[in-house]
Amino acid sequence: QEVYNRPVYINNVTQDVIFFSGVRWAIAHLDQLFDGIVTGSDALSKLVSPTFHSSEALNVDLLSDRVLYRTTQDSEGSPVDLQWFAASESIASSESAQHELAP
């Protein structure tokens, strides 16, 4: 399963997901990703849907550094060796953060 041509990593015990937003990698709890409106397997289906846009991801816990197009980080297609930082609730829901998430 992929988002923006990158794999989605799922911890089936904690229901945490790692996915690519088009600009950054993000870590979120699956049941909170869409603000609790869509949960569990329905949330995962929505995340990997071809119509998904990262602006729909309302609650993420961590964000990676930007992954610039056609760089080593981009060509590897993996969140390994990236710097991560916390995405506060107020920042994650702001318009500027949506710009940071969206391609």
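**Entry 1: the sheet.** I began with the strands and found an open sheet of five, in the order E3-E4-E5-E6-E7, with antiparallel pairing. Strand E3 (9–11) and strand E7 (84–86) stand at the edges with a single partner strand each, so one side of each has no neighbour in the sheet. I noted an average twist of 20° from one strand to the next. I record here that the model is a predicted one.

**Entry 2: one pair of strands.** I then looked at E5 (residues 25–29), which pairs with E6 in the antiparallel sense over two bridges. Within this region I looked up Ile-27 and found that Leu-62 in E6 stands opposite.

**Entry 3: the chain as a whole.** I listed four helices and seven strands in the chain. Read from the N terminus, the elements run β-β-β-β-β-α-β-α-β-α-α. Of the 103 residues, 39% count as buried. For the surface I noted about 5900 Å² exposed by the chain, with carbon and sulfur atoms supplying 51% of it. I also looked up the contacts with a separation of 6 or more: residues 24 or more positions apart account for 56% of them.

**Entry 4: the salt bridge.** How many salt bridges does the count come to? I found one. The side chains of Lys-46 and Glu-56 meet in it, at 3.6 Å from N to O. Lys-46 lies in helix H1 (residues 40–47) and Glu-56 in the loop between H1 and strand E6 (62–64), so the pair ties together parts that are 10 residues apart in sequence. As background, I note that side chains of opposite charge can pair when their charged atoms come close.

I next asked whether Lys-46 is buried, exposed or partly exposed. Lys-46 has 30% relative accessibility and therefore counts as partly exposed. Glu-56, at 26% relative accessibility, is likewise partly exposed.

**Entry 5: Asn-59.** My last residue was Asn-59, which lies in the loop between H1 and E6. Is Asn-59 buried or exposed? Its relative accessible area is 18%, and because buried means under 20%, Asn-59 is buried.

Which residues does Asn-59 touch, not counting those up to four places away in sequence? I found Ala-28, Gln-32, Leu-33 and Asp-35. With Asp-35, the side chain of Asn-59 also forms a polar contact of 2.8 Å. Ala-28 falls within the range of E5, residues 25–29, and Ala-28 is among the residues that Asn-59 touches.

Technical notes: Residues numbered from 1 in each chain as written. Predicted model: local features only at pLDDT ≥ 70, side-chain atom pairs only at ≥ 80, totals over all residues. Heavy atoms only, no water. Buried < 20%, exposed > 50% of the residue type's maximum accessible area, 1.4 Å probe, protein only. Contact = heavy atoms within 4.5 Å. Areas by Shrake-Rupley, 256 points an atom, 1.4 Å probe, with all protein chains shown as cover. Salt bridge = Lys/Arg side-chain N within 4 Å of Asp/Glu carboxyl O. Polar contact = N/O pair within 3.5 Å; in protein donor to acceptor, adjacent residues only side chain to side chain. Pairing = 2+ DSSP bridges. Axes fitted to C-alpha atoms, helices over the stretch in contact; angles between N-to-C directions.
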